[in-house]
4 protein chains.
Amino acid sequence: MPKINKYVDIDTVEREAKKDLIDRHSPFITVEGVAKKCEMLPVKVKMGNEYTHPDDFDHYIESITLFDGETKLAMATFVPGTLGNEKSHAEVTFNIRPMKNKLNLIAHGYCTKHGIWESTPVVVEVAE
Amino acid sequence: MPKINKYVDIDTVEREAKKDLIDRHSPFITVEGVAKKCEMLPVKVKMGNEYTHPDDFDHYIESITLFDGETKLAMATFVPGTLGNEKSHAEVTFNIRPMKNKLNLIAHGYCTKHGIWESTPVVVEVAE
Amino acid sequence: MPKINKYVDIDTVEREAKKDLIDRHSPFITVEGVAKKCEMLPVKVKMGNEYTHPDDFDHYIESITLFDGETKLAMATFVPGTLGNEKSHAEVTFNIRPMKNKLNLIAHGYCTKHGIWESTPVVVEVAE
Amino acid sequence: MPKINKYVDIDTVEREAKKDLIDRHSPFITVEGVAKKCEMLPVKVKMGNEYTHPDDFDHYIESITLFDGETKLAMATFVPGTLGNEKSHAEVTFNIRPMKNKLNLIAHGYCTKHGIWESTPVVVEVAE
């Protein structure tokens, strides 16, 4: 409390409305390319995989935060209208630079109506 | 994950170092005055009650977020040095205006070394 | 560009609509108590002095930022509804700790419809 | 005040130290692909073109904000260490969706030691 809603595989969910609710609120992390120690690494976080989320004034994705374990790496904040007030995937690509052998990436998305949603963690092996 | 550390009454904690760790990282919410519907209500959030937290460049309180249930009301962001690089209680007073009968206030503090810490919830009865 | 709108004394402004526009968007800084070096100092920033600003979903005060000269000290971020969707003075009190003899406080407020507005600077003499 | 430092073409600057100061603090905006009305448009903002900026605890790029004219579209916030505490180009790619014929993109970067820096504006013609 505030509840941290966690992603569950929507293939295991029966009700269509619930699939939609879960998917459109969940952050999906994609690491672009191969992680190498001390080199820049683009990490994309996209809200919703199959379902889009409103960008209404009273209902929008206000922020996306990227963590490595318990450490906040970066946060993006949006306003209603960033996505043209149309249903969309809010998305941001952060550039980070790993200095250790393993990252444990996790993202939070915040919806102004449905609270905090957490991605599944993405473990990244970092090459020397 | 990221772990949300929750406040526990430090009187129940034995080790001094652990008392200090918990107390200095926990947000404490104080509602100033009586909450009346549709009137402005100052809500103070102070990090640490008995123990102070460093304000070092590599170890400081970066943000305090206030929620009503799952709804974010306001967030304050700090930089290292806001508190003169001295051990302190990071503190912010937000003004909110309740429009319903009950608030369920809860705060998160974020420490750049020790992650997210959650206050105990403060239920506020709002007079008509 | 983005234009930084600066406060002008509304007594010098003739048109009522313009007085209202300027006043309700301008941050007003109040230092509470006497500033002493190395002691905590509450600094209140209030949007609008005589005129209130909407807290509508498509028109609200999204943030207040406090600077000392060119250095950001703290930032507060709000969502529409923090102020009950009623016309109000958005307001936040930051606690800072001055370590030098003089502060040059200045605040920015951001309105989602009317952009960035800058307060008049407040010079604070800090006692030893 | 706070001063908004504006980018000037460093080819017109003589002193190497000044070229470095200006370039590494300036946000550079790149629109990826062709802007089409109502379609998602990635906008990259990179701090520094030829010169990199420290990512030290007491000296780092704390935020990048993207505006369309006077309207804030999105803001990214970083912590020291996002870039491995190595000299780097802080960089973020926001996804926006233009709904009108022309964008007037402009970015602000904030350095914890050298304040606010503004990009040159990028006018984007949006195809129907």
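Biologist: What rotation and shift superpose chain D on chain C?

Modeller: The general idea is that two copies of a chain are related by a rotation about an axis and a shift along it. In this predicted model, a turn of 180° with 0.0 Å of shift along its axis puts chain D on chain C, with an RMSD of 0.0 Å. The two copies are therefore related as by a two-fold rotation axis.

Biologist: Okay, and which C-alpha of chain D is nearest the axis?

Modeller: That's the C-alpha of D:Ile4, which sits 4.7 Å from the axis. As for the contact residues of chain D, 100% of them recur in chain C, so the same surface serves both copies.

Biologist: Now chains B and C. How many residues does each give to the contact?

Modeller: Chain B puts in 24 residues, and chain C puts in 24 residues as well. On the chain B side, the elements giving two or more residues are strand 5 (71–78) and strand 6 (91–96). Strand 5 of chain B gives the most, with seven residues.

Biologist: What kinds of residues make up that side of chain B?

Modeller: The side of chain B that touches chain C has 14 nonpolar residues, six polar and four charged.

Biologist: Back to strand 5 of chain B: how many bridges join it to strand 5 of chain C, and do the strands run parallel or antiparallel?

Modeller: There are five bridges between strand 5 of chain B and strand 5 of chain C (residues 71–78), and the strands run antiparallel. To find your place there, look for B:Met75: it stands opposite C:Thr77 in strand 5 of chain C.

Definitions and conventions
Residues are numbered from 1 along each chain as its sequence is written. Chains are lettered from A and ligands numbered from 1 in the order in which they are written. This is a predicted model: local features need pLDDT of at least 70, side-chain atom pairs count only at pLDDT 80 or more; totals for chains, interfaces and linings use all residues. Two residues are in contact if their C-beta atoms, placed from the backbone, lie within 7 Å. Helices (H or I, at least four residues) and strands (E, at least two) are DSSP runs, numbered from the N terminus. Ala, Val, Leu, Ile, Met, Phe, Trp, Tyr, Cys and Pro count as nonpolar, Asp, Glu, Lys and Arg as charged, and the others, Gly among them, as polar. Two strands pair if DSSP finds at least two bridges between them. Copies are superposed by least squares on the C-alpha atoms of residues with pLDDT of at least 70 in both.
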